[in-house]
Amino acid sequence: MTTGDLVNIQPTELKFPFELRKQSSCTMQLTNKTNNYVAFKIKTTNPKKYCVRPNTGIVSPGTTCNVTVTMQAQKEVPPDMQCKDKFLVQSVVVPDGTTSKDIMANTFNKEPGKIIEEFKLRVVYIPANPPSPVPEGSDEGNSPRASANETGSQNGSLYDDVSRTLEETTEKSSEAWSVISKLTEEKTSAIQRSQKLQQELEMMRKESTKNRPSGHPLLLTVLVGLLGLVIGYLLKRT
């Protein structure tokens with residue numbers, strides 16, 4: 001509280017919650033501590049930035065006048081959240097029954113025998129949304145940092161397990177494809193050999209038929225039996 005012979009002013013500094021591109025307001029209270037009517041006038045070093053309502057008025061004996069100061073929306077954050085703006089509150093005793101309409105420009109002129117009180121108030125910026133305090137854990141294991149470390153360790157272990165599983169699956173798949181490819185090649189080779197034997201047998205049969213039109217020679221019968229055994233063996237392997 002700032003106090004003088006005529007009025008008490010609260011607060012001693014104007015605190016504005018600061019947020020970019022948003023207006024901010026605070027309230028000033030002027031209390032008349034005399035038995036006289038007191039006129040007041042409020043000035044600022046940056047009138048384009050602030051709107052004061054009311055900026056002039058009358059405070060009757062023992063009463064309080066509330067003044068609202070609005071700061072226009074700001075486009076930039078000041079360095080270190082510091083503000084050099086100031087307000088000046090002037091007060092002077094006026095005749096009883098004086099109203100706000102009776103206040104003239106010369107009411108606050110300094111003249112001999114005329115007491116004009118002046119109070120300077122500075123502007124302070126405060127965060128619009130101050131961060132909430134971080135609760136302290138009962139022990140180190142319950143601290144947020146410890147929890148974060150545990151979570152990171154668990155995630156790392158899970159990642160390693162998944163990577164190991166994928167590698168094992170890939171290796172097994174490669175081995176399976178290798179075996180399948182090898183069996184396919186053996187089967188194809190066996191079929192080709194079988195077809196070649198059948199072609200040779202057919203040629204021998206035709207030649208034998210030309211030389212001996214009737215009957216089946218013993219050699220041809222033996223060859224047919226051997227060919228059957230070979231084909232059966234190859235098909236059994238595949």
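Let me start with the nonpolar core of this predicted model. The largest one has 26 residues, and the members that touch the most others are Phe16, Met28, Tyr50, Val67, Val69 and Phe87. Eight strands are listed as giving at least two residues each to this core: strand 2 (7–10), strand 3 (14–18), strand 4 (24–32), strand 5 (37–44), strand 6 (50–53), strand 8 (64–71), strand 9 (86–94) and strand 10 (116–127). There is also a second, separate core of seven residues, with Ala39, Val94, Ile103 and Phe108 among them.

Take one of the core residues. What does tyrosine 50 touch, leaving out residues up to four places away in sequence? The list is Phe16, Thr44, Val69, Thr70, Met71, Cys83, Asp85, Phe87, Val123 and Tyr125. Phe16, Val69 and Phe87 were also named among the core residues with the most contacts to other members. Please keep Asp85 in mind; I return to it with the salt bridges.

Now the chain as a whole. It holds two helices and 10 strands, and in sequence order the pattern is β-β-β-β-β-β-β-β-β-β-α-α. The chain has 238 residues, of which 27% count as buried. Of the contacts with a separation of 6 or more, 70% are between residues 24 or more positions apart. The exposed area is about 17200 Å², with carbon and sulfur atoms supplying 53% of it.

On to strand pairing. One open sheet has five strands in the order 1-2-4-8-6, paired antiparallel. Its edges are strand 1 (2–3) and strand 6, each of which pairs on one side only. Strand 1 is joined to strand 2 by two bridges, running antiparallel, and threonine 2 sits opposite isoleucine 9 of strand 2.

Strand 9 has antiparallel partners too: eight bridges join it to strand 5, and seven join it to strand 10. Lysine 43 has leucine 88 of strand 9 as its bridge partner, while phenylalanine 87 is partnered by leucine 121 in strand 10. Why is strand 9 described as largely enclosed by the rest of the structure? Because seven of its nine residues are buried.

Next, charges. The salt bridge count is five. Glu13, Lys15 and Arg122 form a network. Within that network, glutamate 13 and lysine 15 have their closest N and O atoms 4.0 Å apart, and for arginine 122 and glutamate 13 the value is 3.2 Å. The latter pair links distant parts of the chain, since arginine 122 is in strand 10 and glutamate 13 is in the loop between strand 2 and strand 3, 109 residues apart. Lysine 15 is partly exposed at 44% relative accessible area, and arginine 122 is partly exposed at 45%.

Back to Asp85. Aspartate 85 forms a salt bridge with lysine 49, with closest N and O atoms 2.9 Å apart. Aspartate 85 lies in the loop between strand 8 and strand 9, and lysine 49 in the loop between strand 5 and strand 6, so the pair ties together parts 36 residues apart in sequence. Buried or exposed? Aspartate 85 counts as buried at 10% relative accessibility, and lysine 49 counts as buried at 12%.

Last, the surface. Val222, Leu226 and Leu229 make a nonpolar patch of about 290 Å². Leucine 226 is in helix 2 (residues 218–237). With 46% relative accessibility, leucine 226 counts as partly exposed.

How values were computed
Residues are numbered from 1 along each chain as its sequence is written. This is a predicted model: local features need pLDDT of at least 70, side-chain atom pairs count only at pLDDT 80 or more; totals for chains, interfaces and linings use all residues. Side-chain values use heavy atoms; hydrogens and water are left out. A nonpolar core is a set of buried Ala, Val, Leu, Ile, Met, Phe, Trp, Tyr and Cys residues joined through side-chain atoms within 4.5 Å. Buried means under 20% relative accessible area, exposed over 50%, partly exposed in between (1.4 Å probe, protein chains only). Helices (H or I, at least four residues) and strands (E, at least two) are DSSP runs, numbered from the N terminus. Contact means heavy atoms within 4.5 Å. Patches are made of residues with over 30% relative accessible area and no salt bridge: like charges are joined within 9 Å, nonpolar side chains (Val, Leu, Ile, Met, Phe, Trp, Tyr) within 5 Å. Accessible areas come from the Shrake-Rupley method with a 1.4 Å probe; for residues, only the protein chains shown count as cover. A salt bridge is a side-chain nitrogen of Lys or Arg within 4 Å of a carboxyl oxygen of Asp or Glu. Two strands pair if DSSP finds at least two bridges between them.
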